[in-house]
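Colleague: I am new to this structure. Please show it to me, and then let us talk about the ligand and the pockets.

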Amino acid sequence: MAGPIPCQRALFDIPEDIVWLNCAQMSPLMRGAVAAGEAAVRRKAHPWTISPVDFFTDSEAARALFAEIVGAGPDEIAIVPSASYGMAIASQNLPADRGSRILVLDGQFPSNVYAWRELAARTGARVDTVPRPADDDWTAAILERIGDDVAIAALPNSHWTDGGLVDLEKIGAALRRAGAALAVDATQSLGALPLDVRHVRPDFLVAASYKWMLGPYSLGFLYVDPKHHGGTPLEHNWIARAGSEDFTALVDYRDDYQPGARRFDMGERSNFALMPQAMAAMRQILDWGVGNIHATLSARNEAIAARARGLGIASVPQGRRAGHYLGLRFAGGVPEGLGDRLAAENIHVSVRGTAMRVTPHLYNTDADIDRFFAVLERSLNV
Ligand SMILES: Cc1ncc(COP(=O)(O)O)c(C=O)c1O
């Protein structure tokens, strides 16, 4: 499939009167993923249908699907429950000397901040927050801040409040020149904004699956650069060890691990109920194509931004905003109670910081957008 994608609402179970413009908070699960999940839950009622090989089959298939989305190989992917878990692995495996700096962005999502504060406290490094640039050019602001004393940059691909774009390829190259590491939280972009680890070359990159990956809650994936494959996992579970396929020999304790990034897998990573849901979602994303998803959502968001501009509402300009993501900025802040007034009419957006996120996906219709603006204009008395 190539080019703009027509509305895919039929693949989702969204009642006609619901306007879900809040993928940045949580995506709805597709009907196909729900069916896969229901079948998976029912399987646990009959554990005799789950054999030792099943502890590996779906995990490996999911690993390969995620790898395809980020341009990696399956050996470079670990299975994690959350973005914060991925960042905990990154922060425990990246060095930071006393006096060195760890870069984060102003107003960055906490799951990609607290781990670095811990590392700084442990090592005597310092978390250095890049201030929000007045011209929304995060890339220039970050590049300016990179120096030889930077040990790590812990960054998103787009700012979670308003979609402010971070050019990770440029920043990755500058960090490598400075001898610094790059940890990426791609939770608010992966699946809807193309990203290729062969070009960005992060040390670690994590994405929770329940937003733009259209997957279930409590599951995520972590890309780990091969140079860290000898690192230390957060937990020491049986299945990450070499030879775990042989259930009869698990107490022949082993010091060696499953190959590649698998050593970082969370305990009970086989996750029989969630994995098939994530796999169904990733297959659909690959079928649509992330580039096509991005192009389609970019056109949708640009139209919303233009219409909002007509009402005096600003947003990060095109080129400095990730196309799939939109945060509306009102002069004087988001009007008190606006989110609630919209929600009362079944129109769902989210207020984060000073922006109101309006984040459609392929399930939204033109009528959804018209309804959003009708209520917005009524609420603002325009
Ligand atoms: C940028 C970003 N990262 C991560 C998360 C989720 O973090 P976790 O998986 O640690 O709950 C969110 C949720 O809103 C987010 O916006």
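What follows is a short exchange on the ligand site and the two pockets.

Modeller: This is a predicted model, where local features need pLDDT of at least 70, side-chain atom pairs count only at pLDDT 80 or more, and totals for chains, interfaces and linings use all residues. Residues are numbered from 1 along each chain as its sequence is written, and side-chain values use heavy atoms, with hydrogens and water left out.

Colleague: Which classes make up the shell around the ligand?

Modeller: A residue is near the ligand if one of its heavy atoms lies within 4 Å of it. Among those around the ligand are Phe-109, Trp-160, Asp-185 and Lys-211. Ala, Val, Leu, Ile, Met, Phe, Trp, Tyr, Cys and Pro count as nonpolar, Asp, Glu, Lys and Arg as charged, and the others, Gly among them, as polar. The shell has five nonpolar, five polar and two charged residues.

Colleague: How far is an oxygen atom of the ligand from an N or O atom in the side chain of Gln-188?

Modeller: A polar contact here is a pair of N or O atoms within 3.5 Å. Ser-84 has a side-chain N or O atom 2.7 Å from a ligand oxygen. Ser-111 also places a polar side-chain atom 2.7 Å from a ligand oxygen. For Gln-188 the distance is 3.0 Å.

Colleague: How much of the ligand does the protein bury?

Modeller: Accessible areas come from the Shrake-Rupley method with a 1.4 Å probe. Taken alone, the ligand exposes 400 Å². The protein buries 88% of that.

Colleague: Which elements give two or more residues to the lining of the largest pocket?

Modeller: A pocket is an open set of points on a 1 Å grid over the protein atoms alone, where a 1.4 Å probe fits, with protein on both sides within 12 Å along at least five of seven lines; lining residues have an atom within 4 Å of a point. The ligand takes the space of the largest pocket. Its lining counts 26 residues, with Ala-83 and Tyr-210 among those nearest the centre. The elements are helix H3 (83-93) and strand E5 (150-156).

Colleague: Which element gives the most to the lining of the second largest pocket?

Modeller: That pocket holds about 280 Å³ of space. Its lining has 21 residues. With three residues, the top contributor is H6.

Technical notes
Polar contact = N/O pair within 3.5 Å; in protein donor to acceptor, adjacent residues only side chain to side chain. Sits in = over half its atoms within 2 Å of the grid points. Helix = DSSP H or I, 4+ residues; strand = E, 2+ residues; numbered from the N terminus. Points joined across faces, edges and corners; volume = space filled by probe spheres on them.
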